[in-house]
Amino acid sequence: MRLIYSILKWFSNKDLLYIRELITEILANKLSHNEQSKLFWDNNGYMRNLYISPASPSKDDLNIYKKYLTDGKNNKRALLLGSTPLLRRLLSESGFKYYVIADFSFATIESGLRTINKLGINLDTENEILLKSEWLKMPLESESFDCIVGDMVFTQIEPSKQSLFVKKLASLLKQNGSFIGRMYICNTNFDDKDPKKIVEEILFSEAFENTEEQRFALLYRLRDRLRDKKNQTTSPHTIINALLKYQTSDGKKLDFLRSIVKMISIRAEIGLPFISQTKDELANVISKEFLLETSATASDYPSEYFPIYVLRKKT
């Protein structure tokens with residue numbers, strides 16, 4: 001690797017940028033979606049932004065999770081998909097014993113532990129069972145859980161494999177078991193809107209302050225508008241191109257747009273697309289194994305397109 005480094009130093013900036021594009025293209029073609037996803041999260045993904053909703057469950061989201069997790073029954077077995085620190089604390093505080101945490105990235109698990117320490121969350125880690133595994137291949141006993149919990153987990157599974165995913169979840173749940181999770185639903189109101197107008201709605205709003213919440217708001221709006229309807233995904237390169245195409249001499253606005261580019265740069269380099277699905281597209285998959293018992297949205301951030309679903313396993 002040192003030899004490659006010493007050779008690359010002699011290339012021009014233009015050639016290095018071209019080589020970078022080639023590497024991105026090779027990674028996108030060579031790696032499966034699962035491998036791209038693992039590489040993304042091993043490089044920390046959005047961990048630095050996990051204090052911000054919708055990237056992380058809000059206080060009211062957690063209240064909704066708690067409402068449907070704690071229904072008066074004791075000794076329920078729970079499986080948590082992903083090592084989301086706030087959901088780990090919720091399971092612990094709600095009295096769940098020896099719940100399983102399934103995550104496909106050791107880096108994410110370790111980062112989650114650091115976040116827990118940083119937030120001062122007091123967890124009995126001996127009460128947790130950590131399982132490093134892809135969610136489609138979890139080596140767990142059939143019908144061994146009363147509930148499965150996750151936060152926007154369908155955005156981690158490529159649409160072509162989601163039917164297998166819901167089948168796997170259903171197989172792990174006991175009869176009448178439930179899945180409780182926050183979803184991301186594509187806002188189709190942006191389908192016919194010019195991306196430039198979407199950018200300007202944020203930049204020229206009276207409330208514009210270059211906050212992380214506003215960055216995520218614009219990212220999700222462009223993600224919805226620029227999605228590939230056939231594949232139900234959005235290319236991060238398409239979003240970056242829309243942001244870079246926007247012309248402004250305002251330093252504050254430029255910093256705002258560059259911050260969003262930086263947020264998704266690792267995903268773009270790897271070639272990992274966003275999963276962007278409508279309510280009906282998600283329902284077509286979920287309904288194969290589950291009934292939608294109820295849904296609810298948080299009141300402490302704009303959550304209309306981030307509902308929490310309570311799904312009941314079909315009998």
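Let's start with the sheet. It is an open sheet of seven strands, in the order 3-2-1-4-5-9-8, with mixed pairing. Two strands sit at the edges: strand 3, residues 128-132, and strand 8, residues 290-296. Each of these pairs on one side only. On average, neighbouring strands of this sheet are turned by 20° against each other, direction ignored. One caution before I go on: this is a predicted model.

Now walk through the sheet with me. Take strand 1. Which strands does strand 1 run parallel to? One is strand 2, residues 99-103, joined to strand 1 by three bridges. Another is strand 4, and here four bridges make the join.

Look at Leu80 in strand 1. Leu80 stands opposite Ile101 in strand 2. Towards strand 4, the bridge partner of Leu80 is Val149. So much for the backbone pairing. Where do the side chains go? Ala78 and Leu80 point one way from strand 1, while Leu79 and Leu81 point the other way. Buried or exposed? All four of these residues are buried.

Move one strand along. Strand 4 covers residues 145-151, and strand 5 covers residues 173-182. These two run parallel, with six bridges between them. Find Gly150 on your screen. Opposite Gly150, in strand 5, stands Gly181.

Next, what lies across these strands? Helix 7, residues 162-172, does. Helix 7 lies across strand 1, strand 4, strand 5, strand 8 and strand 9. Against strand 5, helix 7 runs at about 130°.

Now two single residues. The first is Thr84. You will find Thr84 in the loop between strand 1 and helix 5. Why does Thr84 count as buried? Its relative accessible area is 19%, and buried means under 20%. Which residues does Thr84 touch? Leaving out residues up to four places away in sequence, Thr84 touches Pro57 and Asp151.

The second is Asp224. Asp224 lies in helix 9, residues 212-225. Buried or exposed? Asp224 counts as buried, because its relative accessibility is 5%. Who is in contact with Asp224? Setting aside neighbours within four places in sequence, the contacts are Tyr184, Cys186, Asn187, Phe190 and Asp191. Pick out Phe190 from that list. Asp224 and Phe190 are 34 residues apart in sequence. In space, C-alpha to C-alpha, they are 6.7 Å apart.

Last topic: empty space. Rolling a probe the size of a water molecule over the atoms shows where such space is left.

How many cavities of 30 Å³ or more does a search of the whole structure find? Two. The largest cavity has a volume of about 50 Å³. Its lining is Met152, Phe154, Thr155, Met183, Tyr184, Ile275, Gln277 and Leu282. Sort the lining of the largest cavity by type, and you get six nonpolar residues, two polar and no charged. You have met Tyr184 already, in contact with Asp224.

Then the pockets. The second largest pocket holds about 400 Å³ of space. There are 21 residues lining the second largest pocket. Which ones are closest to its centre? Ala217, Tyr220, Arg221, Pro302 and Phe306. By type, the lining of the second largest pocket has 13 nonpolar residues, four polar and four charged.

That's the tour. Please turn the model and find these places yourselves.

Note on methods: Residues are numbered from 1 along each chain as its sequence is written. This is a predicted model: local features need pLDDT of at least 70, side-chain atom pairs count only at pLDDT 80 or more; totals for chains, interfaces and linings use all residues. Side-chain values use heavy atoms; hydrogens and water are left out. On a 1 Å grid over the protein atoms alone, a cavity is a set of points where a 1.4 Å probe fits but cannot get out, and a pocket is an open set with protein on both sides within 12 Å along at least five of seven lines; lining residues have an atom within 4 Å of a point. Grid points are joined across faces, edges and corners, and a volume is the space filled by probe spheres set on the points. Ala, Val, Leu, Ile, Met, Phe, Trp, Tyr, Cys and Pro count as nonpolar, Asp, Glu, Lys and Arg as charged, and the others, Gly among them, as polar. Buried means under 20% relative accessible area, exposed over 50%, partly exposed in between (1.4 Å probe, protein chains only). Contact means heavy atoms within 4.5 Å. Two strands pair if DSSP finds at least two bridges between them. Axes are lines fitted to C-alpha atoms, for helices over the stretch in contact, and angles run from 0 to 180 degrees between N-to-C directions.
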